Each structure stands twice: as C-alpha cells, then as structure tokens.
Amino acid sequence: MAEEFNKDGMLDMFLYESGQLLEKLESIILEKQEEPFNDSDINEIFRIMHTIKGSSGIMMYENITKTTHKLEDVFYYLRESQPDDVPHEQLVEKVLAVSDFVAGELDKIQNGDDADGDETEIVADLNNFLNRIKGEIKDQGMVLPKENKHEEPSQFYIAPVASEDSRFYRIVIHYRSDTQMSNIRAYSATYALKEIAEDLLYLPEDIITNEASSEIILAEGFQMMLQTKSAEDEVLGLIESAEAEQINIEELSAADYGKWLVDFGREEPVIEINLDDPGEQEAPAKKEEKKEAKPGDYVVKAKETGKGKTLAKNQPKKQSIISVNVEKMDALMDLIGELVIAEAVVLQNPDLKVPGLDLTNFQKASAQLAKITTELQEVIMSMRMMPLTNVFQKMRRIVFDASKKLGKEIDFEVIGENTEVDKNIIEHISDPLMHLVRNSVDHGIEEDPEERRKAGKPVKGKITLEAKNEGGKVYISVQDDGKGLDKQKLYDKALQNHLIDKPMEEYTEKEIYQFITLPGFSTKEQVTELSGRGVGMDVVVKNIQTIGGRLDINSRQYEGSEMTLVIPLTLAIINGIVVKVGASSFVLETASIKEFVRITSDSIIVEPSGEEYILLRGDCYSFIRLNQKYNIPDSQNEVENGIIVVLEHEGKQVCLLIDSLLQEQEIVVKPIPAYVKKIKGLSGCTQLGDGSIALILDIAGLIQDGERR
C-alpha cells in the first residue's frame with residue numbers, strides 16, 4: 001500500500017493560491033454586479049471553482065470541496081446551456097456566499113484550527129438555485145448537458161477504447177528549476193485534464209505519495225499520455241502554468257500511442273478503434289486553425305509532419321516570481337537598517353578626525369560604500385512595496401454589502417489602485433479605510449432618493465476611493481456626493497456629549513469637522529449594525545497616528561464630504577535632523593520641520609498659569625522647552641542662545657527650544673524597548689554613528705501636549 005503523503009509542506013501553497021483565486025473571483029463578481037456575466041466571466045469563475053475544488057480535495061477539506069463543486073455545477077450549466085433570464089442579482093449573492101464560506105474556512109486553517117464549517121445549508125441553497133436554472137432550460141426546449149460529476153483525487157485510468165473522433169497526445173512539461181513542489185504542480189495538470197480525458201497515464205506515477213518525485217520531474221520533465229476528443233489548443237490551455245518553462249505536446253496516431261504505452265508500464269497495449277478501417281490510423285487532421293497568439297500566451301511552433309510541437313524557445317519568457325516568507329523580508333529589512341547604522345559608525349568614526357590624516361582613498365571607498373548601501377536600501381524597499389489593489393478590492397465588497405443592507409443604490413469608483421505602499425503600512429490602514437468607506441455609505445449618501453432628486457443629484461449615489469503618491473506621502477481619499485457635514489449639528493452634538501466647552505466661534509471649520517473623530521461622538525440617533533455606537537472614527541485616527549499619518553476632513557453641506565488619509569510611504573527608514581539638548585540627542589523628521597529661527601525673550605508670552613507661547617510674525621505658537629519637559633540637565637534655557645524649531649503636523653504648529661543642530665541623515669527607526677515606560681512625545685529611537693542612542697520625537701504627541709496646556 002502506498003505510504004500516506006505528508007501535506008504539511010503543501011499547506012502554505014494551498015492557502016496562498018486559494019486566497020489569490022478568491023480575490024480574483026470577488027473582483028469579477030463586483031465588477032459585474034449589475035450586468036450579466038459574459039462567456040469569459042463564466043469560464044473564469046468555473047475555472048476558479050474547479051481549481052479550488054481540486055486543491056481542497058487533495059488537502060482533504062471536504063466541506064470546501066463540496067461547496068465549490070456545487071457552485072462549479074451552477075456555472076457548468078450556465079456555460080453549456082446559456083439559459084436566458086438567469087436572476088443575476090441572486091447569482092451574485094450565491095457566489096459571494098460561497099466566497100465568504102471558503103474564505104472563512106481558509107482563515108480557520110491559517111490559524112491552526114479545523115475547517116469544520118457546515119456546508120449543508122449553502123450546498124442545499126445552491127442546489128435549489130441550480131434546479132431552477134435546469135427548469136428554465138427545459139422550458140426553453142433545450143437539452144440538459146451531461147452531469148458535472150466529481151471524482152475523488154486519485155491516480156485514474158480509463159480503458160483506452162477510442163472512437164473515430166478520439167485524438168492521442170504525448171505531453172512533456174518542463175518546470176522551471178526553482179519551482180517548489182513540482183509534483184503538486186504536475187498533479188494539478190493531471191487533475192485539469194481529468195474532465196476531458198478518455199485515457200490518461202503519467203510518469204512518475206507516485207507524484208502524490210512520493211515527495212521525491214519532484215526531483216525526477218525537475219530533471220526529466222513530467223510525461224503524460226492522453227486520449228481525448230479535445231483539440232490541442234484546449235489541452236494546452238488546461239495545463240499551461242506560470243511555473244512551466246516549456247511544454248512539448250505531440251499528436252500521435254493510434255498505433256504510435258499504443259507503442260508509447262509500453263514505456264508507461266503497459267506490457268500488452270491494446271487500442272480498440274471503433275472505425276470502419278481497423279488498420280493503423282494517422283493522426284486526425286486539424287479541424288480548426290489556431291488563433292493568433294496574444295501577449296503572454298504560449299506560442300507553439302509547427303514542426304515537420306510526424307514530429308512533435310514544442311514551445312518556441314526564442315519567445316520572451318514570463319516574468320519569474322518567487323514567493324518569500326514575510327518574516328524573511330522583515331529580517332532582511334532589519335539587516336539593511338543595521339547596515340545603514342554600521343555605515344554611519346564607520347564614516348563618523350572619531351579616529352578620522354585626527355589632524356594630518358590623508359583620507360583621499362578612504363573618502364573614495366566610503367563614497368562607493370554609501371552608493372551601494374543606498375541602492376541596496378532602495379531595492380529592499382521596492383521589494384516591500386505592494387499595490388493597494390487588494391485593499392481597494394475589499395472596499396468594493398464593503399460598499400456592496402453595506403448598500404444592500406441599507407437599501408441604497410451606490411456607484412463605487414476606484415482610482416489609483418496600483419499606488420504602492422510599504423506592506424506594514426497596508427496592514428495598518430485596512431481597518432481605518434474600512435471605517436471611512438462604511439461611514440460614507442451609511443452617513444454620507446442620503447437615505448431618501450427623493451432628497452437627492454430635489455437637490456439636483458442623480459438618484460444613485462457615488463463614492464470615489466482614490467490613492468496618489470506625492471512628496472514621499474500617500475494620499476488615500478474617500479469622497480461621496482451625499483449630504484455633507486452640518487457644522488451646527490456637529491457642534492451641538494459635541495457640546496451635548498460634553499466633549500467640548502468653548503463657543504462655536506472659537507473653532508475653525510476644520511476643527512469642527514474633526515469633532516467626528518472624538519471618542520463617543522456619533523450623529524446617529526439610533527444604533528444600527530453599521531454605526532451609532534460612537535466608536536470607529538477615533539480608532540481610525542489613533543491607528544493612523546501610530547504610523548505617522550493624519551486624517552484630513554473636508555465637506556460642503558448638501559454637496560458631499562471628502563476624508564483623506566495622509567500616510568508615509570514606509571516606516572522603516574526616514575530622513576531626519578539630529579538635534580542636541582544638553583547631553584541628549586533627539587531626531588526630528590525632516591518632513592515635519594517648517595523652519596529654524598532665533599528669537600529674543602521679548603517674543604515669549606507667559607500666561608499667569610505659567611504656560612509659554614511664542615509670538616512669531618504676528619502668529620502665536622505653543623512653546624515647549626525640551627529640557628524642562630524631559631528634565632535634561634546642563635541644557636540651554638535662554639532662548640537667545642538656543643534655536644527655535646517650528647514643527648507642523650496636520651496644519652497645527654508647535655515650537656521647540658533646542659541647543660544645537662548636529663546633522664541631517666537617514667534614520668533607522670527602532671521601537672522603544674517594552675521594558676522602558678512609555679513616554680509621551682516619543683515615537684521610537686535610533687543609533688547614531690558614534691554608537692549613541694537618539695530618541696525620535698513624536699510631533700503629533702507634542703502638538704497635542706501643547707494644545708492641552
């Protein structure tokens with residue numbers, strides 16, 4: 001008996017590929033949520049379900065297999081019969097229900113739990129829907145296509161009894177040398193051919209039970225003998241793969257096919273041909289001309305008669321992509337950071353300051369080192385950059401679900417989804433962005449279509465999600481054409497909830513809009529599933545501030561609102577100015593520095609409570625002496641002898657008193673160790689070239705401290 005195979009190594013591949021397929025499925029569904037699927041969409045959804053069904057069958061997740069197979073049945077009938085009047089909205093809901101179920105099971109598997117979801121109800125629902133489609137097909141006088149039967153994954157063999165339209169192929173697939181688990185890739189090819197195969201054999205035979213077979217496949221290729229009624233193009237379309245470097249497909253006569261079976265372990269090959277002439281048959285002539293190759297397709301070169309066909313070697317190869325564990329990427333990023341620090345240690349070594357040293361050669365070498373370090377840093381940063389496509393795709397689903405629950409018609413537009421951001425940033429913005437989009441659906445778009453019509457707007461609301469990259473920052477905006485924000489209502493609600501205590505005249509328009517980000521603030525009179533609890537927007541602001549970003553809110557009543565996340569491209573390495581206060585070093589992010597100025601004590605305004613402000617060119621700024629805030633001894637306390645740094649964040653300013661400026665350099669951001677008590681106004685630390693530690697100032701925290709005084 002064959003030894004049971006170890007599937008642990010296949011799990012990551014299964015989860016990754018299934019997740020990618022589900023994302024592609026949702027993309028198709030949400031783009032066509034209001035218009036019927038065309039043939040291409042139906043074929044693609046069928047293929048996605050077929051692939052997930054096959055891979056989950058290999059991994060023995062029966063509930064996923066049954067669910068995807070039943071949805072595959074639905075699209076099989078749609079593909080084969082093309083019935084009219086299929087309820088498209090219901091079909092979309094069925095597909096999304098399956099997507100949610102499979103995604104939920106994948107999450108369980110990812111977390112180490114059992115995929116124990118009950119598929120009974122969803123399978124029964126799909127079955128009822130399928131029976132309704134079949135009834136419509138019969139009503140239209142059409143013949144039902146044959147059943148789309150599912151067979152358990154196994155080494156299958158169908159007796160080679162051929163008909164007059166049977167065709168015979170010998171196929172050899174050569175995978176790239178860096179392909180992982182090529183035996184599983186090979187099995188996927190056999191599983192894809194199972195639906196069209198009259199006879200299918202392959203070498204090596206133990207691709208599932210023997211993991212070592214992958215080495216044989218990489219060295220010699222994966223060989224298959226196929227008897228089918230399908231044309232060569234269809235066969236090639238089923239087995240083509242991004243991992244395949246070359247596919248050789250040769251059409252044989254029935255007699256040659258029988259001879260080749262000897263090499264596949266058949267001692268006495270017998271081919272029965274149901275033809276008038278039982279003699280040796282030549283390979284059937286091509287029934288149709290090949291379509292012109294499109295970019296990215298495999299290009300098959302025609303050879304001399306009787307010889308096989310091989311992929312053209314002079315065609316440009318597809319881009320090679322390899323999946324890498326995120327932890328390895330993070331470790332590599334950390335090493336690059338250490339390299340930047342080590343470079344600073346070398347180039348700023350005190351030994352280099354000895355008078356009389358000839359450093360010409362050293363400076364040339366150091367310049368080359370700095371160039372390589374910078375290029376290396378840029379490469380690793382580019383490797384960590386990911387497009388916002390997947391995040392924006394999730395927002396499509398949120399708009400779809402929320403609009404259905406609220407009964408609102410909404411047109412959702414996405415702009416700039418290919419904008420790239422550091423992976424860690426993406427992880428931090430997913431939830432905040434979800435809240436903003438959901439708020440636009442719930443709060444922004446009017447509930448009554450008649451209200452929109454009276455305002456001269458289309459009955460159908462519109463939400464636009466846009467991303468763009470400017471000046472080292474990423475701007476992600478959520479804009480709606482709804483009723484906008486009512487300043488008076490916001491002020492009254494904040495006052496009623498005891499969140500503010502000043503007259504409305506003392507607040508700017510932007511400050512009033514920011515009331516919606518206060519904890520406990522909500523304009524909803526009734527709590528619903530989507531909103532009304534007074535939580536969400538304050539969490540958005542906190543999450544964005546943790547990565548050095550901000551939330552800008554603009555609105556025009558009766559015209560709509562726009563909420564913009566302004567976030568950095570990356571968190572790992574920043575440009576900063578190193579400053580000195582006493583014996584301590586601090587880092588200020590260059591992008592937050594508005595200017596450096598020198599003033600006299602006459603510019604200082606002291607309140608009776610002891611709070612200090614600076615009057616600069618007619619504007620009044622909060623003033624913080626870092627030496628007093630952090631109890632730093634031996635520091636300059638006279639403003640005439642120090643330097644004033646004007647910092648800006650989210651349109652607000654604060655002034656700091658420092659002793660001196662040291663240098664501008666790239667700063668590797670390190671978190672403050674957990675055993676150190678959290679101190680307000682500090683966001684991290686870094687190591688300088690002389691080995692000392694500098695603290696990175698949190699500008700947003702300092703501004704908040706200045707406002708609270």
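This is a short tour of a predicted model, stop by stop, with something to select at each one.

**Stop 1: the whole chain**

Start with everything shown as a cartoon. The protein chain has 19 helices and 26 strands. Colour by burial if your viewer can do it: of the 709 residues, 46% count as buried. Now think about who touches whom. Among contacts in the chain with a separation of 6 or more, 71% are between residues 24 or more positions apart.

**Stop 2: two helices side by side**

Select residues 62–81, which are helix H3, and residues 88–110, which are helix H4. A bit of background first: two packed helices are described by the angle between their axes and the distance between the axes. Here the axes come within 10 Å and cross at roughly 155°. That angle is over 145°, so H3 counts as roughly antiparallel to H4. The crossing of H3 past H4 is left-handed.

Which residues of H3 and H4 make the contact? Show side chains for Asn63, Ile64, Thr67, Thr68, Leu71, Val74, Phe75 and Leu78 on H3. Then add Leu91, Val95, Val98, Phe101, Val102, Glu105, Leu106 and Ile109 on H4. Sort the residues of this contact by class and you get twelve nonpolar, three polar and one charged.

**Stop 3: a sheet of five strands**

Jump further along the chain to an open sheet with the strand order E10-E12-E13-E15-E14 and mixed pairing. A reminder while you look: strands of a sheet pair through backbone hydrogen bonds, either parallel or antiparallel. Which strands are at the edges? They are E10 (410–415) and E14, each pairing on one side only. On average, neighbouring strands in this sheet are turned by 15° against each other, ignoring direction.

Zoom in on E14 (residues 550–556) and E15 (residues 560–568), which run antiparallel and are joined by seven bridges. Pick Leu551, and you'll find its bridge partner, Leu565, in E15. Asp552 stands opposite Thr564 of E15. Three residues lie between the two strands of this hairpin, and Tyr558 takes a positive phi near 70°.

**Stop 4: the helix across that sheet**

Keep the sheet on screen and add residues 423–444, helix H13. This helix lies across E10, E12 (461–470), E13 (473–480), E14 and E15, and runs at about 20° to E13.

Now select Ile429, a residue of H13. Is Ile429 buried or exposed? Its relative accessibility is 0%, so Ile429 counts as buried. Leaving out residues up to four places away in sequence, Ile429 touches Leu388, Ile476, Ile544, Ile547 and Ile567. For a distance to try yourself, go from the C-alpha of Ile429 to the C-alpha of Asn543: the two are 7.5 Å apart in space but 114 residues apart in sequence.

**Stop 5: a sheet of six strands**

Last, bring up an open sheet of six strands in the order E18-E22-E23-E21-E20-E19, again with mixed pairing. Strands E18 (593–597) and E19 (604–606) are the edges, so called because each pairs on one side only. Follow the twist across the sheet: it averages 35° from one strand to the next.

Finish by selecting E20 (residues 612–616) and E21 (residues 619–625), an antiparallel pair joined by four bridges. Click on Leu616 and look across to Asp619 in E21, its bridge partner.

Note on methods:
Residues are numbered from 1 along each chain as its sequence is written. This is a predicted model: local features need pLDDT of at least 70, side-chain atom pairs count only at pLDDT 80 or more; totals for chains, interfaces and linings use all residues. Side-chain values use heavy atoms; hydrogens and water are left out. Axes are lines fitted to C-alpha atoms, for helices over the stretch in contact, and angles run from 0 to 180 degrees between N-to-C directions. Angles under 35 degrees count as roughly parallel, over 145 as roughly antiparallel, 65 to 115 as roughly perpendicular and the rest as oblique. A crossing is left-handed if the near helix is turned anticlockwise from the far one by less than a right angle, and right-handed if clockwise. Contact means heavy atoms within 4.5 Å. Ala, Val, Leu, Ile, Met, Phe, Trp, Tyr, Cys and Pro count as nonpolar, Asp, Glu, Lys and Arg as charged, and the others, Gly among them, as polar. Buried means under 20% relative accessible area, exposed over 50%, partly exposed in between (1.4 Å probe, protein chains only).
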